[in-house]
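Colleague: I'm new to this one. Can you walk me through it?
Modeller: Sure, have a look first.

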Amino acid sequence: MAHDPLALAIMALLGLVIGSFLNVLIYRLPIMIEQSWQDAPDKPGLNLAFPGSHCPACRHPIAWYDKLPLVSYAWLRGRCRHCEAAISWQYPVIELLSAGLFVWSALSHSSWAQALAWAGFAVALLALAVIDARTTWLPDAITQPLTWGGLVAAAFGCTPVLLTDALAGAVVGYLCLWSIYWLFLLVTGKEGMGHGDFKLLAALGAWFGWQQLLALVLIASVSGLLAALVLLWRRQLPENRQIAFGPFLALAGGWLLFLGPPEFLTL
């Protein structure tokens, strides 16, 4: 695929479309989770398809020609067509990143199956990192399919990981952070991380195998510590002294995806 311009163009367009969907997912999924906690069965809820896209400022429905990835944002100069409220820069950035990830995957893999599998993995990490950074949630609706996707990809040879190693990676990855969570809770009486972190590490273990769990945890922990120190220095650390760990697990997954695992950390 690396030398096929048509394949690269298809992957870029597919990435833009997926990126547009990711923006909907990032915005609506946390709201859908909150709605699921409320006892209001007669009240129509938000989902990924309903209601249609609209401006959050003036509530005017957005026409299809104003939802074209990247193009509409540039044409409208980052403003709503009706009320001229600013459109978040997140939308074109996510679309561009998604397209870049799909093109990178096409350049890095020889088959469509491998390229699509790893592109899907990468954009799922992107969505999880943004959602967790904004809400401190890692939704099961993404982490669980990501885990199963890693196992299926291993079973069909779309990853270099044996199915047994992928299964061990998912189980050990989950139990690793689960054990740390309960040990911290027993010692301090406080929760040190969310349950979504267990599931995300399980997903990463399914994609990279149990041999890379040490590298994943170490990269995520060191980068998270450095980020916390920077926030502390800038006096922006939350009062509870806790920050979301999911973005750093996603960063560790991206590190292994783009740079490969450090050899000295591979089990």
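Modeller: One term before we start: contact means heavy atoms within 4.5 Å. And keep in mind that this is a predicted model.

Colleague: Got it. So which residues is C58 in contact with, leaving aside its neighbours within four places in sequence?
Modeller: C58 is in contact with C80, H82 and C83.

Colleague: Where does C58 sit?
Modeller: In the loop between α1 (5-37) and α2 (71-75). C58 is partly exposed, at 31% relative accessibility.

Colleague: How far apart are C58 and C80?
Modeller: In sequence, 22 residues. In space, 8.8 Å from C-alpha to C-alpha.

Colleague: And how many disulfides are there?
Modeller: Zero. A disulfide needs two cysteine sulfur atoms within 2.5 Å. The closest cysteine sulfur to that of C58 is in C83, and at 3.7 Å it is too far for a bond.

Colleague: What about C158, buried or exposed?
Modeller: C158 is buried, with a relative accessible area of 14%.

Colleague: Switching to S98. Where is that?
Modeller: In helix α3, which covers residues 90-108. S98 is buried, with a relative accessible area of 0%.

Colleague: What does S98 touch, not counting residues up to four places away in sequence?
Modeller: G15, I18, G19, L22, V123 and L126.

Colleague: Now α6. What span should its 26 residues have?
Modeller: Helix α6 (residues 163-188) should span 38 Å at 1.5 Å a residue. Its end C-alpha atoms are 38 Å apart, so that agrees.

Colleague: Which residues of α6 are buried?
Modeller: D165, A166, G169, A170, G173, L177 and Y181. They pack against α5 (140-155), α7 (195-208), α8 (213-233) and α9 (246-258).

Colleague: What comes just after α6?
Modeller: G189, with a positive phi of about 75 degrees.

Colleague: Pockets next. How much space lies in the largest one?
Modeller: About 950 Å³. It is lined by 33 residues, with G192, M193, G194, D197 and I243 closest to its centre.

Colleague: Which element gives the largest share of that lining?
Modeller: α8, with six residues. By class, the lining of the largest pocket has 18 nonpolar, nine polar and six charged residues.

Colleague: And how much space lies in the second largest pocket?
Modeller: About 810 Å³. Of its 34 lining residues, S53, H54, I62, I87 and Y91 lie nearest its centre.

Colleague: Which elements give two or more residues to that lining?
Modeller: α1, α2 and α3. α1 gives the most, with six residues.

Key
Residues numbered from 1 in each chain as written. Predicted model: local features only at pLDDT ≥ 70, side-chain atom pairs only at ≥ 80, totals over all residues. Heavy atoms only, no water. Buried < 20%, exposed > 50% of the residue type's maximum accessible area, 1.4 Å probe, protein only. Helix = DSSP H or I, 4+ residues; strand = E, 2+ residues; numbered from the N terminus. Expected span 1.5 Å × (residues − 1). 1 Å grid on protein atoms, 1.4 Å probe; cavity = no way out; pocket = protein on both sides within 12 Å on 5 of 7 lines; lining within 4 Å. Points joined across faces, edges and corners; volume = space filled by probe spheres on them. Nonpolar A, V, L, I, M, F, W, Y, C, P; charged D, E, K, R; others polar.
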